[in-house]
Amino acid sequence: MNITVISASNRANSQSSKVASRIEQKLGNLGKEANVLDLHETKLPLFDDSGPPENWDEVQQLINQADGYVFVVPEWNGMVPPALINLLSYVEKKSMAHKPVLLVSLSSGLNGAYPLAQLRSFGQKNRHYVLMPDAVILKNVKSLLNNPEPDENMSGDSAVHERLNYELAILVRYAAALNGVRKDSFVDPSKYPNGV
């Protein structure tokens, strides 16, 4: 089983990159292969339907081979960063179909709910991925997950590690269950491709 962790910030040394790295480690602890797609390192030009960029085959391969995804999404001005929306514009519709997504939202303050609301309202329509009912909001993220293991001296750090471990274990179970749906000959991602 393979999970692709998408770090949705296009800033260098971002909190999203830090959290994505911790999630990759935690998936490894569960015995699962994980890959981080860091949107800072993978610079995609603004989507304009003129065709994919030169580095797209490598990105699309990460998307295709995944059995599930974790979107690590910082809240920028109350919204999802444009880099994630841009990525989703490029992705082949069928490549994410019937694969689970765990949303992990980050805030340097006390917010973080708005990216979840934005992605829940429209994100999966054309890509047909399946959003897990649970999501994780990491508030005051600069003080969390700074070490691979819980820091007992940091308020809330142990609880965040425990919550992520639980949600990732659930994600793995969703990925296994939805594998059967994807293999069902009845399922045809090209039928009703726009989701409505």
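Buried means under 20% relative accessible area, exposed means over 50%, and partly exposed is what falls in between. Keep that cut-off handy for the exercises below, and keep in mind that this is a predicted model.

**Exercise 1. Classify two loop residues with positive phi**

Task: Asn140 and Leu145 are up for sorting; what is the burial class of Asn140, and what is that of Leu145?

Solution.
- Start with location. Asn140 sits in the loop between S5 and H5, and Leu145 is found in the loop between S5 and H5 too.
- Next, the backbone. Phi of Asn140 is near 50°, a positive value in a residue other than glycine. For Leu145, again not a glycine, phi is positive and near 55°.
- Why flag that? Most residues other than glycine have a negative phi.
- Now apply the cut-off. Asn140 has a relative accessible area of 35%, so it is partly exposed. Leu145 comes in at 0%, so it is buried.

**Exercise 2. Find the two sides of helix H4**

Task: Which residues of H4 (residues 113–123) are buried, and which are exposed on the other side?

Solution.
- List the buried ones: Pro115, Leu116, Leu119 and Gly123.
- Check their directions. These residues cover an arc of only 100° around the axis, which puts them on the same side of H4.
- The general rule helps here: an α-helix has 3.6 residues a turn, so residues three or four places apart point the same way.
- Turn to the other side of H4, where Tyr114 and Ser121 are exposed.
- Finally, look at what the buried residues pack against: strand S3 (68–74), helix H3 (82–90), strand S4 (100–106) and strand S5 (130–138).

**Exercise 3. Describe how H1 meets H5**

Task: At roughly what angle do the axes of H1 and H5 cross, and is the crossing left-handed or right-handed?

Solution.
- Take the geometry: the axes of H1 (residues 15–29) and H5 (residues 157–183) come within 10 Å and cross at roughly 60°. That makes H1 oblique to H5.
- Add the hand: H1 passes H5 in a right-handed crossing.
- Then get the residues. From H1 come Ile23, Lys26 and Leu27, meeting His161, Leu164, Asn165, Leu168 and Val172 of H5.
- Sort that contact by class, and you get five nonpolar, two polar and one charged residues.

**Exercise 4. Trace contacts that are far off in sequence**

Task: Skipping neighbours within four places in sequence, which residues are in contact with Ala8, with Ala175 and with Glu92?

Solution.
- Ala8 first. It lies in the loop between strand S1 (2–7) and H1, and with 0% relative accessibility it counts as buried. Its contacts are Ser16, Leu39, Val72, Val73, Pro74, Pro81, Ala83 and Leu84.
- Move on to Ala175, in helix H5. Its relative accessibility is 1%, so it counts as buried. Ala175 touches Met1, Ile3, Asp67, Pro100 and Arg182. For Met1, the C-alpha separation from Ala175 is 8.1 Å, although the two are 174 residues apart along the chain.
- Last, Glu92, in the loop between H3 and S4. At a relative accessible area of 39%, Glu92 is partly exposed. Gln60 and Asn64 are its contacts. As an extra distance check, Glu92 and Arg127 are 7.7 Å apart, C-alpha to C-alpha, with their positions 35 residues apart in sequence.

Conventions:
Residues numbered from 1 in each chain as written. Predicted model: local features only at pLDDT ≥ 70, side-chain atom pairs only at ≥ 80, totals over all residues. Heavy atoms only, no water. Buried < 20%, exposed > 50% of the residue type's maximum accessible area, 1.4 Å probe, protein only. Helix = DSSP H or I, 4+ residues; strand = E, 2+ residues; numbered from the N terminus. Arc of directions from axis to C-beta. Contact = heavy atoms within 4.5 Å. Axes fitted to C-alpha atoms, helices over the stretch in contact; angles between N-to-C directions. Parallel < 35°, antiparallel > 145°, perpendicular 65-115°, else oblique. Left-handed = near helix turned anticlockwise from the far one by under 90°. Nonpolar A, V, L, I, M, F, W, Y, C, P; charged D, E, K, R; others polar.
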